Amino acid sequence: MTVELDRSTELYGENTVQWRRAAGVADVDGFEIKRRGDENVRAIIALDLRTATDRFKVNHPLLRELLDIRGPTTKAAFIMKLWQYIKLNNLQDSDDPDQIRCDAGLLQVFNTPVVSFTAIPQMLHTFLVRPDPLVIEYTVRVHAGEYHMADYAFDVEVELEDYAPLAAGPLATVQARTRDLASIDDQLAMQMQEIHNARSKRDFLRNFADDPVAFIHRWIDNQTKDLEVILGDRRHALEAAISAIMAGEENGTSGDAEAAKWLKESALYNEAWASEAVIHYVAAKTEELKQQQIVQQQQQQLQQQQQQQMVPQQHNHSAAGQMQNGLPHH
């Protein structure tokens, strides 16, 4: 900050006061400047604002107009504005994307028809300077009487650092990120399951559309095999009956009764409702297995979260024990 008093240097000597913030010095709420005098004096206060991110002024008027830059900007925003201008005006060489062919405006700025994109950040440094200070004019009054209130109040917006994550500490940040990662993992698992189901449905319908007759025959054959697995025997009823007769002949007994039993039980599955009942049964078992897998995954994730929460607590207890024992710790 610079304060300049508009009065004679011959009578009052030096009329300029400068204050610069030193590195590592704590913030101050304000300070007081005193100078002797018996008449009102105009003061010019120039403030060089310090922001969380370094900001610069573009000192080339034409470049400011081309990129539509109003006021101070950061280096990243400056380069992004230029890149948007290049893409909008199609200035990138189609054969060599690294080469930028300047239009009439950029030609006046860079003084060359072709510019390498990798060299642009270094070239832009010549167009960036410190922003102009904020100048406030104020009249210091020395007359006696009631307190004088100025006609204007100045409200200056200043970009500050976000201290919320720092105040919470590193442990809270790690725990929050762990919860976020766990939530993302759950969403990914659900999305993957939906993709798998959609793919299975697509393959089912595509095979049916390619050859409906052959698909129906394969599907019936697969359903029959599934039914045999559910019943605990992979053989057809007729094959089971023949096997029963042959086994009876080898043992010297009649296998007719056993064969009749197999044929009688197999007749149940020739009813009209049997196929639909099997489809519903298989679908219900599939859904039951899917729900069991989801419950197991949730239990595993809950156990992992509990273990991750126990680790910081163990570290805290260990640190407390070291302090009680008078042991140094880092």
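# Salt bridges and ring pairs

Colleague: Where do K290 and E287 lie, and how many residues apart are they?

Modeller: In this predicted model, both K290 and E287 belong to helix α10, where about one turn of the helix separates them. Their side chains form a salt bridge, with the closest N and O atoms 4.0 Å apart. The spacing of K290 and E287 along helix α10 is 3 residues.

Colleague: Is K290 buried, partly exposed or exposed?

Modeller: The relative accessible area of K290 is 24%, and buried would require a value under 20%, while exposed would require one over 50%. K290 therefore falls in between and counts as partly exposed.

Colleague: E288 and K285 also meet in a salt bridge, so what separates them in helix α10?

Modeller: The side chains of E288 and K285 come to 3.8 Å, N to O, and E288 counts as partly exposed at 39% relative accessibility, as does K285 with a relative accessible area of 36%. Because they are 3 residues apart in helix α10 (residues 274-324), the separation is about one helical turn.

Colleague: Which parts of the chain does the salt bridge between K57 and D132 link, and how many residues apart are they?

Modeller: The side chains of K57 and D132 meet at 3.0 Å, N to O. This pair links distant parts of the chain, with K57 in strand β4 and D132 in the loop between β7 and β8, and the two lie apart by 75 residues.

Colleague: Which of the three classes, buried, partly exposed or exposed, does D132 fall in?

Modeller: Its partner K57 has 28% relative accessibility and counts as partly exposed. D132 reaches 55%, and because the cut-off for the upper class is over 50%, D132 counts as exposed.

Colleague: How many aromatic pairs are there, and what is the angle between the planes of F204 and F215?

Modeller: The count of aromatic pairs comes to 4. F204 and F215 form one that is edge-to-face, with 4.9 Å centre to centre, and this pair links helix α6 with helix α7, the residues being 11 apart. Since planes over 60 degrees apart count as edge-to-face, that description fits the angle for F204 and F215, which is 80°.

Colleague: Which residues form one aromatic cluster?

Modeller: F215 is buried at 8% relative accessibility, whereas F204 is partly exposed at 40%. F208 and F215 also form an edge-to-face pair, at 5.6 Å centre to centre and 75° between the planes. The residues of the one aromatic cluster are F204, F208 and F215.

Methods:
Residues numbered from 1 in each chain as written. Predicted model: local features only at pLDDT ≥ 70, side-chain atom pairs only at ≥ 80, totals over all residues. Heavy atoms only, no water. Phe/Tyr/Trp six-rings, centres within 6.5 Å; stacked < 30°, edge-to-face > 60°. Helix = DSSP H or I, 4+ residues; strand = E, 2+ residues; numbered from the N terminus. Buried < 20%, exposed > 50% of the residue type's maximum accessible area, 1.4 Å probe, protein only.
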